[in-house]
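Here is a short note on the model you sent. Please read it with the structure open beside you.

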Amino acid sequence: MTVEKHLRVTGTSTISWKDAVVQTIAEASKTIDYLSSVTILEQRANIDGNKISAYFVDLDLTFLIDRNR
């Protein structure tokens, strides 16, 4: 039997939404084992003048529960 857990996290980047997703997954994987999928729930940005200054992503990270731990 496989059991999955979902965790909603928010990440940010000054480069792009893609970078925000990649960096958030990389950071989460440092403390969460068995990451298996990601769903992008929402994307937002801050605007400074006429340019985007920060990109934000809300992610649903899925990871498997290891019952033998």
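The points below go from the whole chain to its strands and then to single residues.

1. Status and fold. This is a predicted model. The protein chain has one helix and three strands. Along the sequence, the order is β-α-β-β. The radius of gyration is 14 Å, well over the 11 Å that the globule rule gives for 69 residues, so the chain is more spread out than a compact globule.

2. Overall dimensions. The C-alpha atoms occupy a box of roughly 55 × 20 × 10 Å along the principal axes. Buried residues make up 26% of the 69 in the protein chain. The exposed area comes to about 5100 Å². Carbon and sulfur atoms supply 50% of that area.

3. Contacts and charge. Take the contacts between residues at least 6 apart in sequence: 65% of them join residues at least 24 apart. On charge, the protein chain carries 8 positive and 9 negative side chains. The centres of the two sets are 1 Å apart.

4. β1 with β3. Strand β1 covers residues 4-13. Its pairing with β3 is antiparallel and runs over ten bridges. One pair to look up on screen is Thr-10, which sits opposite Asp-58 of β3.

5. β2 with β3. Strand β2 spans residues 35-48. It also pairs with β3, which covers residues 51-64. The sense is antiparallel, over twelve bridges. Two pairs help to fix the register. Leu-35 stands opposite Phe-63 in β3. Ile-47 has Ile-52 of β3 as its bridge partner.

6. The hairpin turn. What joins β2 to β3? Two residues lie between the strands of this hairpin. Gly-49 takes a positive phi there, near 70°.

7. Tyr-34. Where does Tyr-34 lie? It is in the loop between α1 and β2, with α1 covering residues 17-28. Its phi is near 65°, a positive value in a residue other than glycine. Please inspect this spot in the viewer. Is Tyr-34 buried or exposed? The answer falls in between: at 44% relative accessibility, Tyr-34 is partly exposed.

8. Glu-4. This residue belongs to strand β1. Which residues does Glu-4 contact, leaving aside neighbours within four places in sequence? They are Ser-36, Thr-62, Phe-63 and Leu-64. Two of the names have come up already: Phe-63 is the residue of β3 that faces Leu-35. Glu-4 has a relative accessible area of 46%, so it counts as partly exposed. As a distance check, Glu-4 and Glu-27 are 23 residues apart in sequence. Their C-alpha atoms are 20 Å apart in space.

9. Leu-41. This leucine lies in strand β2. Beyond neighbours within four places in sequence, Leu-41 is in contact with Arg-8, Asp-58, Leu-59 and Asp-60. Asp-58 is also the residue that Thr-10 stands opposite. Leu-41 has a relative accessible area of 42%, which means partly exposed, between the 20% limit for buried and the 50% limit for exposed. Leu-41 and Ala-28 are 13 residues apart in sequence and 16 Å apart in space, C-alpha to C-alpha.

10. Ile-65. Now go past the end of β3. Ile-65 lies in the segment after that strand. Not counting residues up to four places away in sequence, Ile-65 touches Val-3 and Lys-5. With a relative accessible area of 37%, Ile-65 is partly exposed. How far is Ile-65 from Gln-43 in space? The C-alpha distance is 28 Å, for a separation of 22 residues in sequence.

11. Reading the strands. One general point may help when you view the sheet. In a regular strand, side chains alternate between the two faces of the sheet. To recap the pairing, β3 is antiparallel to β1 and antiparallel to β2.

Methods. Residues are numbered from 1 along each chain as its sequence is written. This is a predicted model: local features need pLDDT of at least 70, side-chain atom pairs count only at pLDDT 80 or more; totals for chains, interfaces and linings use all residues. Side-chain values use heavy atoms; hydrogens and water are left out. Helices (H or I, at least four residues) and strands (E, at least two) are DSSP runs, numbered from the N terminus. The radius of gyration is taken over C-alpha atoms; the globule rule is 2.2 Å times the number of residues to the power 0.38. Buried means under 20% relative accessible area, exposed over 50%, partly exposed in between (1.4 Å probe, protein chains only). Contact means heavy atoms within 4.5 Å. Accessible areas come from the Shrake-Rupley method with a 1.4 Å probe; for residues, only the protein chains shown count as cover. Lys and Arg count as positive and Asp and Glu as negative; His and the chain ends are not counted. The place of a charge is taken as NZ of Lys, CZ of Arg, CG of Asp or CD of Glu. Two strands pair if DSSP finds at least two bridges between them.
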